[in-house]
Amino acid sequence: MSRRSTLAGVMALSAGLALAGCSSDGEPELKVNGAFMPQPVGDDMAAGFLTVHNSGGTADKLTSVTSDLSDDITIHESKDQRMQEVKTFDVPADGELNLERGGNHIMFMKLKQKPKQGEKVTLELRFEKSGPIKVELPVKEPTYSPKKH
């Protein structure tokens, strides 16, 4: 192999690595808003809703939720009017994850106490790439539905 072709190969490889490095556009930049929990009607289950905004150029995944309210918290998707547990939710780059009534949501099972309207429930969202985010869910009336803009 000639010196010239070796140099051309190294330059092509370097350019490819530089382009690959540029494609990630940094880390996910997550922010949460619109969080709420309808006051539970039953004694042992509740649901939580919120929106995770990602203004970063890299996608992330919501992997779990923890709270003092319950030791059994799962994330669910709703498809064809059926609810099923999932392991993760995607938080797209420059996009958002909406957890809302009739759709994807957080389920709190075996509640340690029943939260009442006006109280706040603290939880922690855990992600694949980003650090955990603490969120306070205001407890709203059982039929509460946020207004869409």
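## A quick tour of the strands and salt bridges

Let's start with Leu50, which counts as buried because its relative accessibility is just 1%. Leu50 belongs to strand 2, the stretch covering residues 45-54. What you're looking at is a predicted model, with a mean pLDDT of 86 for the protein. Below are some notes on confidence, a couple of buried residues, strand pairing and salt bridges.

**How far to trust it**

- Of the protein's residues, 82% reach a pLDDT of 70 or more.
- Residues 6-24 are another story: pLDDT stays under 50 there, and the model gives this stretch 3 contacts beyond four places in sequence.
- Where pLDDT is low, don't read the predicted coordinates in detail.

**Around Leu50**

- Leu50 and Leu99 sit 49 residues apart along the chain, yet their C-alpha atoms are separated by 5.2 Å.
- Setting aside neighbours within four places in sequence, Leu50 touches a list of residues that includes Val32, Asn33, Gly34 and Ala35.
- Also among the contacts of Leu50 are Leu97, Asn98, Leu99 and Ile106, along with Leu125, Val135 and Leu137.

**Around Glu77**

- Glu77 is part of strand 4, which spans residues 72-79.
- Despite its charged side chain pairing with Lys79 in a salt bridge (closest N and O atoms 3.9 Å apart), Glu77 is buried, because its relative accessible area of 15% falls under the 20% cut-off.
- Beyond four places in sequence, Glu77 is in contact with Arg82, Met83, Gln84, Val86, Phe89 and Asn104.

**How the strands pair up**

- Strand 1 (residues 30-38) runs antiparallel to strand 2, with 5 bridges between them. A hairpin of 6 residues makes the connection from strand 1 to strand 2.
- If you want a spot to look at in that pair, find Lys31, which stands opposite His53 in strand 2.
- Strand 1 also pairs with strand 10 (residues 133-140), this time in the parallel sense and over 2 bridges. There, Met37 has Val139 as its bridge partner.
- Strand 3 (residues 60-67) has an antiparallel partner in strand 6 (residues 89-91), with 3 bridges. Leu62 is matched with Phe89 of strand 6.
- Strand 3 is also joined to strand 9 (residues 120-127) by 5 bridges, again antiparallel. Here Val65 faces Leu125 in strand 9.
- Two of these bridge residues turn up in the contact lists above: Phe89 is a contact of Glu77, and Leu125 is a contact of Leu50.

**Salt bridges**

- Side chains of opposite charge can pair when their charged atoms come close. The structure holds 7 salt bridges.
- One of them links the side chains of Lys110 and Asp72, at 3.9 Å from N to O. Lys110 is in the loop between strand 8 (105-109) and strand 9, while Asp72 is in strand 4, so this pair ties together parts that are 38 residues apart in sequence.
- Lys110 counts as exposed because its relative accessibility is 62%, whereas Asp72, at 27%, is partly exposed.
- Another salt bridge joins Glu124 and Arg126, with the closest N and O atoms 2.7 Å apart.
- Is Glu124 buried or exposed? Glu124 is buried, with a relative accessible area of 13%, while Arg126 is partly exposed at 35%.
- That pair is part of a network of salt bridges, in which Glu124 and Arg126 are linked with Lys134.

Definitions and conventions
Residues numbered from 1 in each chain as written. Predicted model: local features only at pLDDT ≥ 70, side-chain atom pairs only at ≥ 80, totals over all residues. Heavy atoms only, no water. pLDDT = per-residue confidence, 0-100. Contact = heavy atoms within 4.5 Å. Helix = DSSP H or I, 4+ residues; strand = E, 2+ residues; numbered from the N terminus. Buried < 20%, exposed > 50% of the residue type's maximum accessible area, 1.4 Å probe, protein only. Pairing = 2+ DSSP bridges. Salt bridge = Lys/Arg side-chain N within 4 Å of Asp/Glu carboxyl O.
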